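Visitor: I am new to this structure and would like a close look at one part of it. Please start with how its strands are joined, and then lead me on from there.

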Amino acid sequence: MSSILFKITDQIGFITLNRPEKLNSFNREMALQMQAALDRCKENDVRAVYISGAGKAFSAGQDLAEVLDPEGPGMQRILSEHYNPIILRIHDLKKPVVAAVNGVAAGAGANIALCCDIVVAASSASFIQAFSKIGLIPDSGGTYFLPRLIGWQRASAIMMLGDKVTATQAEQWGMIYQAIDDESFAEKSKAFASTLAQMPTIALANTKQALQKAFNQNLQQQLQTEDQLQQASASTADFKEGVESFIQKRKPVFTGK
Ligand code: LHQ
């Protein structure tokens, strides 16, 4: 893989968007490689995923040169074959996914970050719903995730105006979890993934699933979902370890089983 770098270290799947000379904008090759990397993360040896960009950007979204290329995939295939499968893979992955937004995240690049479970950004990073500036609507799940994260009005304004949102503003709005100083960003953002990779993986997956249902169900349905997912979580070895280690006053060793 060249447009995407992928490695597994300490049970973390590290996915690096790797077209730094094009601000990690997505062409077909990169989108398909990203899908393959996310598929690899389904295996049991990965317990958390960390997505970041090479160089100064996270991602500038779609490579606009490819859109005009007569040999390119064409508008009809870009969403259905590139971005939608990426968003669904991140959403459906039974692992926590950390987006470490190291620099500008624009268009589909922003919305890929925002569909992740924990989003952190370097202080110098920014988010731009760039679509309106080129006559498009926000895609890659933006119209789904953004109003849920920051409310309808803010989502509507930044999507229509295409205004840049700084990492600090994004944190204040609840669009991301934390803005982190540039100097310590790499270390501190990776620490989230390291922590998650040592936690009870099945309970985290079930938490992800319960949260995903929360905005689409009534209270009664949500309580049923919690009940089902709690039964499933309680039948894991990690639950047994969690309770035993608490009683025995020792640090738990979770295995993700
Ligand atoms: C780029 C790009 C880029 C190619 C910077 N492509 N080269 C779905 C449906 C179907 C089709 C369309 O797409 C989609 C999904 C989408 O993502 S639509 C939104 C596409 N993205 C954009 O519209 C963002 C365009 N880029 C920008 O607005 C700026 O470049 C940002 C704000 C990201 C960064 O600004 P600066 O830091 O000032 O960098 P720059 O503009 O100087 O760019 C550096 C280079 O990267 C430059 O090339 P050059 O050869 O002059 O150094 C840009 O042309 C290139 N680049 N984004 N998306």
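Guide: Happy to. Two strands are said to pair if DSSP finds at least two bridges between them. Please keep in mind that this is a predicted model.

With that in hand, look at strand β7, residues 126–128, which is joined to β8 by three bridges. The two strands run antiparallel. To see one of these partnerships, find Phe127, whose bridge partner in β8 is Val165. In general, strands of a sheet pair through backbone hydrogen bonds, and they can do so either parallel or antiparallel. Now step back a little: β7 and β8 belong to an open sheet of three strands, in the order β5-β7-β8. The pairing in this sheet is mixed. At its edges are β5 (105–106) and β8 (164–166), each of which pairs on one side only.

From the sheet, let us move on to the ligand. The shell around the ligand has 20 residues, and those that come nearest are Ala60, Gln62, Leu64, Ala108 and Asp139. Some of these make contact through their backbones. A backbone N or O atom of Ala60 is 2.9 Å from a nitrogen atom of the ligand. Leu64 also places a backbone N or O atom 2.9 Å from a ligand nitrogen. At Ala108, a polar backbone atom lies 2.9 Å from an oxygen atom of the ligand. Taken on its own, the ligand has 1000 Å² of accessible area, and the protein covers 61% of that.

What kinds of residues make up the shell around the ligand? The shell divides into 14 nonpolar residues, four polar ones and two charged ones. Helices take part too: α2 (64–68) and α3 each supply at least two residues of the shell. The largest share, three residues, comes from α3.

Helix α3 also brings us to the salt bridges, of which a search of the whole structure finds nine. One of them joins the side chains of Glu81 and Arg28, with N and O 2.9 Å apart. Because Glu81 lies in helix α3 (residues 75–92) and Arg28 in helix α1 (residues 28–40), the pair ties together parts that are 53 residues apart in sequence. Glu81 has a relative accessible area of 28% and is partly exposed. Arg28 is partly exposed as well, at 23%.

Glu81 has another partner, Arg77, and the closest N and O atoms of that salt bridge are 3.3 Å apart. Here both residues lie in helix α3, four residues apart, or about one turn of the helix. Arg77 is partly exposed, with a relative accessible area of 34%.

One more salt bridge deserves a visit: Lys208 and Asp117 meet with their closest N and O atoms 2.9 Å apart. This pair links distant parts of the chain, 91 residues apart. Lys208 sits in helix α9 (residues 201–214), while Asp117 is in the loop between α4 (108–114) and β6 (118–122). Is Lys208 buried or exposed? Its relative accessibility is 7%, so Lys208 counts as buried, the cut-off being under 20%. Asp117, at 33% relative accessibility, counts as partly exposed.

To finish, return to the salt bridges that share partners: they join Arg28, Arg77 and Glu81 into one network.

Notes: Residues numbered from 1 in each chain as written. Predicted model: local features only at pLDDT ≥ 70, side-chain atom pairs only at ≥ 80, totals over all residues. Heavy atoms only, no water. Salt bridge = Lys/Arg side-chain N within 4 Å of Asp/Glu carboxyl O. Buried < 20%, exposed > 50% of the residue type's maximum accessible area, 1.4 Å probe, protein only. Near = heavy atom within 4 Å. Polar contact = N/O pair within 3.5 Å; in protein donor to acceptor, adjacent residues only side chain to side chain. Areas by Shrake-Rupley, 256 points an atom, 1.4 Å probe, with all protein chains shown as cover. Nonpolar A, V, L, I, M, F, W, Y, C, P; charged D, E, K, R; others polar.
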